[in-house]
Amino acid sequence: MTLANRLARPLCLTLALTLSHTAAPLAADLSCNGLLETGQTMICSGFEPNWALELSCDGNMSANFIDAFSGDGIQTTPGSISFTTENPWQLETSHPVTGSIAYTPGGCTDESDAVRDFTFTPTGAPGLSAPFFPFCCRMK
């Protein structure tokens, strides 16, 4: 065995152990359907008409439907959410909002020209009819 081979083995082992220790906490932190960390909130805001889906993780996922298109004020309705797939995350809420969230790193630009990493493509929302257009989600 050459000197290079003898030096490479400990280096490879050290690198593998380091990577496995850093990857494990990251995966464990995404406790809400592999999408959000505990304490995180994701807001997917539509416009024309104005409405939003707010997802919150407190160990379990919950959803708020924020309605700014009917009446005089903004109404927030709490609800539940379920997922049928992950990445993309196919979802349905109790409101009922349906659609999917996809991880699109730097691939979504919102109405304020901010670049976001997640895109929500709705397929249904209360009081709205098709066509539905994708919009960005931001972390809070």
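Student: In which strand is Leu 55 in this predicted model?

Tutor: This is a predicted model. The strand in question runs over residues 51-57, and Leu 55 falls within that stretch. The element is strand 2.

Student: Is Leu 55 buried or exposed?

Tutor: Buried means under 20% relative accessible area. Leu 55 has a relative accessible area of 0%, so the residue is buried.

Student: How many Å separate the C-alpha atoms of Leu 55 and Thr 41?

Tutor: Along the chain, Leu 55 and Thr 41 are 14 residues apart. Leu 55 is also in contact with Thr 41. The separation of their C-alpha atoms is 5.5 Å.

Student: Which strand gives the most to the largest nonpolar core?

Tutor: This core has 23 residues. Leu 55 is among the members that touch the most other members, as are Leu 35, Leu 36 and Met 42. Elements that give two or more residues include strand 1, strand 3 (61-67) and strand 8 (115-124). The most, 4 residues, comes from strand 2.

Student: Where is Gln 40, a residue in contact with Leu 55?

Tutor: Gln 40 touches Leu 55, and also Ser 56 and Cys 57. Other residues that Gln 40 touches include Met 139 and Lys 140. Helix 1 (3-29) lies on one side of Gln 40 in the chain and strand 1 (41-46) on the other. Gln 40 is in the loop between helix 1 and strand 1.

Student: Which residue's backbone nitrogen lies 2.8 Å from a polar atom of the Gln 40 side chain?

Tutor: A polar contact needs N or O atoms within 3.5 Å. The 2.8 Å pair joins the Gln 40 side chain to the backbone nitrogen of Glu 37.

Technical notes. Residues are numbered from 1 along each chain as its sequence is written. This is a predicted model: local features need pLDDT of at least 70, side-chain atom pairs count only at pLDDT 80 or more; totals for chains, interfaces and linings use all residues. Side-chain values use heavy atoms; hydrogens and water are left out. Buried means under 20% relative accessible area, exposed over 50%, partly exposed in between (1.4 Å probe, protein chains only). Contact means heavy atoms within 4.5 Å. A polar contact is a pair of N or O atoms within 3.5 Å; within protein, one must be able to donate a hydrogen and the other to accept it, and residues adjacent in sequence count only if both atoms are side-chain atoms. A nonpolar core is a set of buried Ala, Val, Leu, Ile, Met, Phe, Trp, Tyr and Cys residues joined through side-chain atoms within 4.5 Å. Lists of a residue's contacts leave out its neighbours within four places in sequence.
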